[in-house]
Every structure is written in structure tokens, then in C-alpha cells.
Amino acid sequence: MKKRSTNLRIKLPVFLFVTQVIFVALYFAFVTYDEHADARFQTNQTNPMHNAIYKDYPIFTDIQVMIFLGFGCLLAFFRFYGYGGMVFNFLTATFAIQWAILVQGYFQFYHNGKIHLGVINLINAEFACAVVLISFGAVLGKTSPLQLLVMALLEVPVFAVTEWMVLKYLRINDAGGSILIHLFACYFGLGVTFVLYRSGLKEGHIKENTSYHSDILSVMGTLFLWVFWPSFNSALTLKGDDQHRAILHTFIGLSASTLTAFALSAMLNKNGKLTMADIQNVTLAGGVTVGASVDMMISPAVAYVLGMLGCTACMLGYKYLSPFLARRCRIQDQCGIHNLHGLTGLISCVAGICAILMADEEVYGPSLYEIFSHRAPVEGDPKLLELKMLVPGLQLGLGRTAQEQALFQVAAVFSTIGLSALGGILTGYVLKLPYLASPPDDLCFDDVLFFEVPADYNAPLKHGNNMTSEDSPALQHQRVFIQLMDNNEESKWA
Amino acid sequence: MKKRSTNLRIKLPVFLFVTQVIFVALYFAFVTYDEHADARFQTNQTNPMHNAIYKDYPIFTDIQVMIFLGFGCLLAFFRFYGYGGMVFNFLTATFAIQWAILVQGYFQFYHNGKIHLGVINLINAEFACAVVLISFGAVLGKTSPLQLLVMALLEVPVFAVTEWMVLKYLRINDAGGSILIHLFACYFGLGVTFVLYRSGLKEGHIKENTSYHSDILSVMGTLFLWVFWPSFNSALTLKGDDQHRAILHTFIGLSASTLTAFALSAMLNKNGKLTMADIQNVTLAGGVTVGASVDMMISPAVAYVLGMLGCTACMLGYKYLSPFLARRCRIQDQCGIHNLHGLTGLISCVAGICAILMADEEVYGPSLYEIFSHRAPVEGDPKLLELKMLVPGLQLGLGRTAQEQALFQVAAVFSTIGLSALGGILTGYVLKLPYLASPPDDLCFDDVLFFEVPADYNAPLKHGNNMTSEDSPALQHQRVFIQLMDNNEESKWA
Amino acid sequence: MKKRSTNLRIKLPVFLFVTQVIFVALYFAFVTYDEHADARFQTNQTNPMHNAIYKDYPIFTDIQVMIFLGFGCLLAFFRFYGYGGMVFNFLTATFAIQWAILVQGYFQFYHNGKIHLGVINLINAEFACAVVLISFGAVLGKTSPLQLLVMALLEVPVFAVTEWMVLKYLRINDAGGSILIHLFACYFGLGVTFVLYRSGLKEGHIKENTSYHSDILSVMGTLFLWVFWPSFNSALTLKGDDQHRAILHTFIGLSASTLTAFALSAMLNKNGKLTMADIQNVTLAGGVTVGASVDMMISPAVAYVLGMLGCTACMLGYKYLSPFLARRCRIQDQCGIHNLHGLTGLISCVAGICAILMADEEVYGPSLYEIFSHRAPVEGDPKLLELKMLVPGLQLGLGRTAQEQALFQVAAVFSTIGLSALGGILTGYVLKLPYLASPPDDLCFDDVLFFEVPADYNAPLKHGNNMTSEDSPALQHQRVFIQLMDNNEESKWA
């Protein structure tokens, strides 16, 4: 494996230029403006201030900050892989969004032979991008930018097809994307990392650690995600009270998981101190856990409880399940996405199903049939006319009962997990192809492989030899190892 | 004092779980949605786009950025206390907001046996949280997370009661919160730090300094606060031209104080250089100084002058008053909140009173009685009908004259200062209770006490012994001290 | 030159206080509220929610983040000049905005003897500020804060006059500001740096490099700019579909230039690695390139192509043109603004002209005469009545043909370049005046000159002497030089 070149000089440009030419060709052939962006669709009746941009764009910028700054900083937590975390996130996100505009456009916004483009497409594409970035977390530091791009190239269509099938045929309630985004991303990522298993990293890696500054940077990423998560969870709800509830529940859920994470972090640490990794990740669990029921009338108290439950599951997952998966199941889940997105996502699905089963007109009023639109009566049902009086814009539904809807949710969970895990495993095999510049074991988690780095990038370790003798033997070993590498790596890997 | 354990393993989880159980119980018993978030309140007349969320949520996210990223980065300025500044801010803010939702909810949003929750409550709770975080500035680095949580637990109710009394009985104009937020927070914090006086830190502390990176991080925090401060000051004004003015005045005031801060920083430095602490703090003075009159017709020029005045007072406070308070009054005000929030808040109150005294119908037109709503006529006043023609939505007032309103403002200032100082002193005594993990003097301003820190956290100092002999003796002493500590602290404090 | 003092103790306060007194006097004499901020203009017909603040303020905060955090972090990329980049950006931006409020106010918002102030003025002033900050990029690290303030003092009026002339007499389409902002800023900055040429820096400067953390910080700046650029480019378009297109095109253009930048960065690097400077700068090229045609019906595909073209020109400029300009034309363009704003701006102008020539009613419908308002018929034209039926709010135009409009665009490009270059050269001569604290060559790119710096600010280099012998000779030379300087500079420059 070590013989394969990791030089990007030809591979990366070839991949990017080929895909960009294809993107441009598809744009020319198929992409036009939607009715809110096309000058021809504006008439003397159009009020420019009613353009969809004014309700979509603020949400869009919030999610942009989450994707580029939130994920970017959060993934920059490795001491020698800050460039990798932040910059590969930038590259992968940009690529995934453009690709998702085209692929999702074909499935969701295609009519009259054209994909119709507006800011709403960008929001959808950013969700697809979030899926890719979550999966990225499973293989952070162990993949080349080329592998990440290939992963995005394959994951986006699998996601778009799954999304399309689930929304068109199963028709589920999942406003915050717990099923479609978090579970999909998690099991796809686990599938990829399962195939990319590196036995050489079984005992950990010498550079798999953080620095004082990288930890602070990563907390900033957490805070960007924390602050704007209500926008993420409420982006695709119905407008009005539904969106209002989604914002409240997300905020409460995040707060509950934050307080719980601090409690558990101190409790589970043998020195009774706080661990930065917990604060960077586990605090966010509540945002996922409230996802599937985020727009429903679950009550603020239940949102609080969901935040606490999700956080507890996530924390125990980091402590006990992740090591188990790595040791026994050959699943090296670098950022613990199975804890932050998988376990919490499953709890969220269960909560969503309970909320669906308990939903009735007493609590929701007639707008029950708007939120659970598939429970609205079918054409010809006498109840339809009566409801149309109370809810003027009511759409025709499928006449489902609560139980039926719950079963479809269950079906969605299993089919999403199945499709994503399968897609992830197949993608993993593609990523093992030669010529994708996969990093050798000893240069994982190391920016020197793919970046020109400044002189100080590993300075603190270089000067380590005047550290006191109090240092742990592991640290001393690490230091010597890295100094050896410094002397050799440039010639070997350049 | 040194004998007391600072291990958080039991204390922090016990405190957090107990309070969380109480929070959840209160949520279940008392919290429901307000009419903008409750599905049952939506009728066929409801336009979802008129939901309060669309005017409240953008302001809310701006303030969220200020609270979590602005304060978080700003407080991370200590070289060895970056985790503490940013992470304890995260913990304390989250806790304070949840607690404030309940306590303020009881005083302001409680009817029919329920607290009615919407995003507007969250905005109010973030103001209460800002109060706690400002007070936190006075004791930064000298308190355990447990002490900070207890402080929030006590400060939020005292603040909520003061706010409720002042707004219900004194009925003042204070759109930017100069009285209720800044003065309250300042004198509460000073009360706490007065009681927590540490004679051992009289000569300063060896770790009470910054690093190159922590200073830059802190400036980023300043910039987050600077950029979004207009949203903070205008969040609770009347909509329309009032909010417009609040934004203009805040922006102008901040700009004036920024330019003045640079001038004074160079002028008061003996080498004629700029000092980062000035840029981090004093530039923000204008945002506080315009607060009490921020929505009034004070003219842009006066906003400019207020920014300059506030900045000058703040700068002189840092230079001369803070050292005096520390030496003579046993008030160790770590971040100088008395300069940035106290002195500027007092100037703001005076400016607000002048603006109230000079307000008349010639300048404001009939909307005088909207902005100064307590000057609107009482029921039965013949002027009322006439005004109702000009201002359709006019509320009944108290028929106060300008002079009367000014007197109530003065009363509010004194009662706020009194209550907050008293509350702060009592809180200080509670924080001195044993079992709250108060840090020993020598481990103040040091992340090693409450966090697992990476190997490089104090690396630059460790390698200090090959520094040149040009270093100041103070610096050399510091270096030796820290090296000694490195050898011992882990065994002592783990 | 070395003999001149760089002590700011008197110079900076004198300059700032004098200008502030002038600002305040002008504010008192000439500045009042506009009709959206003045209480007297509100009648019983006014709907407060229709106040201009609600469409202007969200755009304003986005641009604020770009100016203060985006530019601030981006310019902090030098290893020893992080304070300078971020803090001088803060100072210069604040000063430029206040000055622009007054100067632009006189040209654009002056009637009845008063400048009428609203948030829309602030947005315009932030554009003027962006111009100054771009020009700042050409001389980063080689100018004192005083020189930067003088530059802003001179550049803002030259810009305001140019803007006023071009908009009033030439009447061009330039929604994203490619001509007025980017070309102006670029050639002004080049003019300044041409005059400030330093032969001593011909071979580069020993401190002209980055550190691991400064590079990450700078990428954060890039991401802030990237995320909010659509707001910048769409701030001054017509509302509705025009603004919607501007957002779409900017996002697509930026994405295309980002992907292209990664491809070219790896391709043009001899080791096949990525270069951080490319990722910090070249990724942004697309935002400029789509500028001049950003609101037109150019199709998403063309926006993509423009992003790729702009990026390619920018990258080749960095690689080949900038070194040539520095060596042969005495133009030391520190941040390469000629590549990111000049070359891309020129491409944008050409694209804009093509888009104007191809615009017809078939593509735009009757709103053609809104977007290209100067092509609308003149008073008396029979077509006018017909159009007024289709577009109720149509303004009278100048009856220009597409070709005529294109010629005016060409005229605008040349006159903007001419005026800005001339203004820049003259400004450069002013900046050479003594007493402006110009840094000596050896203390360029060094925070120690104008800031109190903490002990660790150049720590990694200080300890460099235990680096391995693998280091390049250049690096070794650098280290020795800096250690020598450390021993001497404090005494020399304090």
C-alpha cells in the first residue's frame, strides 16, 4: 500500500475538471430558473416582496454558516490535521452541493424537461451536503481529498434516490431529518469505514490527538452548529406555528443535552474533570433527538426529556460502544458519528412514532391534517368538505390512520438504514481502488501529506526534548517518532 | 482552603441532575406554547407568515451568536484559561437561559396557570443570560463551574424580580437595557467579587496573562459582539422607526467608541503602542452608552458624542479606577465590568433622563405617546380621543409629565443598583460555602484544574529556558514557577 | 527613513481626535434621520412592519460580518502580523464607514440641506469601506495605522465622486460592484503601493510568512466572506426575482471558483500538494467575476463558467503576473488584489457587456426595462404607455439601445480605472509624508512595532535552534536573524 503515490498533482485536477465539465454541460442542458427567479414569470400582479427568497434566504445563510464554518471548525480538532478538517470540509461541501443541485433537481424539481432552480433547491442541496459531511466524520484523517470527492459523488445519488423513494412512496413525517439525514449519513459512513478498516490503526495513531488551540477551534464549530441548529431543523417545516415549534423544541433539546453532557462528562472522567471531546460533540445530541417530532405538539417538557435521553445515549456510546465497534466489528468511526447521529437518530425515530400515535384533533385542532398531511381525507370523503372550511389550503391526503402512518415511519427507518449501509459498503470498495491517493497508515491525521505546511506546524513537539521527565512514556515515544519522521518524510512523500 | 477538593466528579453531576429534574418537572407542570406556537390557536383566518416568529427569530439568532460566540471568545483571552472562558460561558449561558425561561415566565408570561412559551420568551431569557455572563466577567478564572452555576441560579431570580418590579411599578424607558441589564449585572458581579476577595492575588497572578492566539480569539469575540449589538439594543423596542433608530444609534455609538478607544489606547500607553485589552473591551463601550436612549430622537450626532464619552469613561476606568478598587476596596474585577458596564451604564442613564426631559411633540409628533407610553393620557382625558385619531393603536398611559418620568428613571437606577449589589453580596457568601470546588489561588486562571488538557497546553513556557537573557525578571520568575508547578500539579490536583 | 519615529502616542490620537471633532460637527450640522427612522414621518397610515429596516437590516448584518470578521480574519494570515491584520482592519473599517456616511451622504442622500440617514446609508457606506479594505490588501504589513487612516480619508471621497459621476452621468449596470468596487479598489491600491515601493523588500522579507494557526484563521475569514457574499452582491439589486438571481449566481460562481481553485492549486504546485494561500484567496474569485451581470438572466450555467474563468485568471495571476509586477513594475501587491479583484473584475465587465448586448424582451419579458432601466423609453415615446400597463412602477428611462448601454459600460470601466489609479498614486505620495509613522523595512509584517505583544508572540522561532539539521538554509538564516532582532528591537523601537 505504501508504494502508491499520494501526489495530487494530476489526479485531483483530472477528477475535478472532468466532473466540472459534466456539471457545466448538465447546467447548460437542464437547469433554468424557477418561477421566483425568472424575470419572465413576473407580471404586473407580482409583489416583489412576496418572492420566496425572503422566507428562504435567511434560513439558507444560517445553514451555510453551519456547513462551512460549523462543520469546518468542528472537524479541525486534530492537532496536525487542522487544514485537512477545515479545508477538505470546504472542498467536499462545495462539491456535494453542486452535485446535489443536479441530482436532487432531477428527482424533485424536474418538469418540462428542466430542473427549476431557486434558493429552495440550495437548501435541499445543503441537506444532502450535510449527509456527506456527517459520513466524512467516520473517515476523517484517513482519506485523501480525492476519496472524499468520490464518496460525495456516490453518496449524493444514493441519498437522493432514498429521499425520493421515502418521500414519494412511504410519505413520512421527518421535519428535522432524523431518519433521512442523520440515520442515512451515519450508516453510510459506517459502511464506508467498515470497508476501509485499517488494522494498522487498531492501537490508535500517534497523531490522533488534539492541541490546545485545535480544541478551542473545534468548540467554536460546535457553537456555530448549536446556535443555528434551530434553523436547520425548521427549514422544511410548514410555515407559521409549525416552524415556531420546531425552533423552540430544537433550542430546548440542545440546552438539555448540553447540561446533561457537562454532568456526564465530569461523572465518567476518572479525574472528575471535563473532557473537551464531550463538549464538542455530545452537547449537540439534543438537536438530532428532537428531529423527527420537531414540528409536532410534543410539549416543551418532552423536548427537554428527549434532549437528556439523546445526550445520555450519545455519551454512553462514546464511552462504551465506539471502542467495542472498533475492536470487535472492525468499524473505526473516527468522530463517533454512530453516537451523535445513529443512536440519537434512533431515539428520535421512536419519539416521532410515539408522537404520531398520540396525535389527535384535540391537541392539534384541524391543523392535524396539515402537519400529518397523509392523514387528511382522500377525495370523496365527506369529512373533506368540513375540513376545507376550517383549513382553507388543505391538500388531499391518503386517509391514513395514526397506526398506518407509524408503520410507514418504521418502514422508512429500516429501508433508510438498509440502503445507506449497503451504499456505504459499496462506496467503501470503490474508495479502495488504487489511484485515489489513500494515505498510508503512518501519515494519517497529518496535514503534511496533502498540504504545504509552514515551519511551525509541528513545532511544539519538535522542541519536546526539553520537556520534564514527568511526561508519560507514551508521549515520549510519540515525540521521538515524530522527530524521526520529520527527518524523513519530506523525501519519502514529496 | 487548599484542602478542599476541586474534583467535579460527584458535585457537578449532582447539581446538574437535581436542577434538571426540577426544570423538567416545572416544564411538565407549567409550560405550554404561546398562541404563535400552539396548533390549536391557528384558525382559517391565520396567515402563517404573520406568525411572530418571523419578526423575532432573526433577532434571536443574532443574540445567540453574541451570547455563545461573542462572549465565549471574548472571555477566552487568558493564555491558560481559554477552555474555561469559552466552555464555562457555554455551560453557564445554557443553564441561565433555561432557568430564566421558567423564572421570567412566571413573572411575565404566566396566565391561566401556565407559562406561555414562544421565541419572544427566549429573547427575554437571553437578556437575563447576558446579565449573568457580564457578572461572570468579574470573577473569571477564580470560580469553579459549580460556583458559576450557583451564581446563575441565584442571579436569575433576583434579576427577574428586579426587572418585574421596575417594569411593573416604576415603568421606565430602557430599550437597550442600560439600567436593567448593564447596571444590574455590573453591581451584582462587583458584589460577588467583593465577597470572594482573594488576598493571595493582590499582587496579581503568574498566569493572569494572554498569549498571541488568545488575544486574537478574544478580538474575534469583540467583533461578534460589535457586529450584532444593534440587534441586542433594538430587540425589545417598538417595531418600525423606533427599531430603525435603535440600530442607527447603536452602530454610530459603537463606531465612535471604537475610534476613541484606539486614540486613547495609544495615548495612555507609555510606549505609544496599542494594547489588545483596550481593543477587546473599550471599543464596545458605545453600545452600552447609547442604551437607555437608543430608541429616542436624540439625533445621530448625540449618539456619536455618547459613544465618545462612554469610551473615555471606560478607558479611564480601566487605567485608574479598577486598580484603585482592587487595592483599596477589595474589589477584584477581573474583566473590568465596572468600566465597560457600570460607568458607561451610568452615563447612559443620565443621557436617557436628559432625552426624556427634552422630548416633546414637536420632535416626536404624536408618536411621542407610543415611545414614552407612560406619558400617554389616562382614561377620560379629552386628549386621548384626539390622539387615538392620530395613533390608532395607542395604549392608555399614566399621564406622566416628562419630569415625573425622569424621576421614575432615577428611582429605577438607584433601586436596581441597590438590589443588585445586595443580591451580589449575598450570592458571594453562598459561593463561599464549602463543596463548591472553589479553585485554590495558585490554580486560578488555569485550565488544568477542571479540564483534561492536551500536552501542548503550556508548551511555549516549558521551553522557555532557552529564551534570551533580554527577558524581564518578572517573566523569568514566571517561567521557573510554572515549570515547578508542572512537575507537581498533576499529582496534587488530579 | 529609519530615523523617523513610529511611536503612535501623539500622532494617532491627534489624527483621530481632529477627525472625530470634524465628524461630530458635520453630524450636528448636516445629519438627520430619513423618513424610515424619523418619528415625525410616521402617520396613522404607516405600517411599522413595512419600514425599510426589515428588508435592509438582514443584508446589513451579513455585510457587517464580512467586513469585520471576514476581512479581519482573512488579513490576519501573517505569522507575526495577526494583530495588525485583524485590528487595523477593525480601525480602518470603522473610520471608513463613518467618513463614507458623511461623504456619500453629501452626494447621494443630501436634500433640503440635510443628509438623511437610514440603514440603507450604512449599507452604501460599507461598500465604500470594502473598497478601502481591498486597497489595504495591497499594502498590508507595510503601513502604519496612521497611513491607513489617511488612505481611507482620501480614498473615500475619490470613490464617492467616481461613484456619483458614474451612476449619475454614465448610468451603468453593475449590481455586484465589479466596476465600481473591485476595479476601483484594485487600481487605487496598486497606485498606492506603486508609490510606496520598497526596494529593500525586493527579495522578500524574513517575516513574510504564515503560521499553522494564522493560516487556519485566514481560512475562517475566507469562509465568512464566502458564506455571505451572496448578500453583498444582491444588496443593491431590485427586490424580487432580480435579487433572487443575484443570490443564485453568486453562490454558483463561488462554488465553481472553489472547485477550480483546488484543482489548479494541486496542479501548479511542484509537490502536488495544496497551498493554503490559494484556498484563502482564489476560491473567492467567482464572487467578483459574476458581479457585473449578477442580476441579469445570464443562466446558471454561465454563472458557473464565469466562476471557473475568474478563478483561472486569478490563479495564473498569482503564479505569474504578481511576481512580474513586483520585479518589473515596482508594484508590490501584498495580498495579490490585482488577481482577486482586478483580473476577475475585468472579466466580469466583459461578461456584463455581453449580457447587456444579448438582453432582449424575449428573455426578460417587460421587466427588461426595469433591470436595464436606462433602456426604458423616454417621456413621450408611445411604447411607454404600453409598458406602463405591464410594469406598473416603471420609471422613465433614457431610451438607450443595448449597444449604447454597452458603450457606457466601457466608458465606466476606463474612467473608473483612470480615476482610481490616479487617486491611488496621489494618495501614495501623501502617505510618504513624514510623521505618518511608516514602518522601517525590517519591522514590516511585525506586530511588535505597533502593539504590546505577549511573551509567546514569536516563541516558536525563538526555540528554533533545536530544530533538526534538515531545515532549509533559508529557514536557518531566518531564525538567526530573528533571534538577533529579538535582542535588539525593543531597545531600538520602543
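Tutor: Buried area is the accessible area that two parts lose on being put together, summed over both. Keep that in mind as we look at this predicted model.

Student: What makes about 6700 Å² the area buried between chain A and chain B?

Tutor: That value is the accessible area lost when chain A and chain B are put together, and because the loss is summed over both, about 6700 Å² counts the two sides. Carbon and sulfur atoms give 71% of the area.

Student: Which elements of chain A build its side of this interface?

Tutor: Those giving two or more residues include α2 (53-74), α7 (212-234), α8 (241-268) and α11 (300-328) of chain A. α8(A) gives the most, with 19 residues. The residues on the side of chain A that touches chain B divide into 41 nonpolar, 23 polar and twelve charged.

Student: How do you know how many residues are in contact between chain A and chain B?

Tutor: Contact takes heavy atoms within 4.5 Å. By that rule, 76 residues of chain A are in contact with 77 residues of chain B.

Student: How many salt bridges does the rule find across the interface of chain A and chain B?

Tutor: Zero. A salt bridge needs a side-chain nitrogen of Lys or Arg within 4 Å of a carboxyl oxygen of Asp or Glu, so no pair across this interface meets the rule. Polar contact is another matter: 31 residue pairs, both at pLDDT 80 or more, are found there.

Student: Why are chain A and chain C said to be related as by a three-fold rotation axis?

Tutor: A rotation of 120° with 0.0 Å of shift along its axis superposes chain C on chain A, with an RMSD of 0.0 Å. The two copies are therefore related as by a three-fold rotation axis. They use different surfaces, and 8% of the contact residues of chain C recur in chain A.

Technical notes: Residues are numbered from 1 along each chain as its sequence is written. Chains are lettered from A and ligands numbered from 1 in the order in which they are written. This is a predicted model: local features need pLDDT of at least 70, side-chain atom pairs count only at pLDDT 80 or more; totals for chains, interfaces and linings use all residues. Side-chain values use heavy atoms; hydrogens and water are left out. Copies are superposed by least squares on the C-alpha atoms of residues with pLDDT of at least 70 in both. Buried area is the accessible area (1.4 Å probe) that two parts lose on being put together, summed over both. A polar contact is a pair of N or O atoms within 3.5 Å; within protein, one must be able to donate a hydrogen and the other to accept it, and residues adjacent in sequence count only if both atoms are side-chain atoms. Helices (H or I, at least four residues) and strands (E, at least two) are DSSP runs, numbered from the N terminus. Ala, Val, Leu, Ile, Met, Phe, Trp, Tyr, Cys and Pro count as nonpolar, Asp, Glu, Lys and Arg as charged, and the others, Gly among them, as polar.
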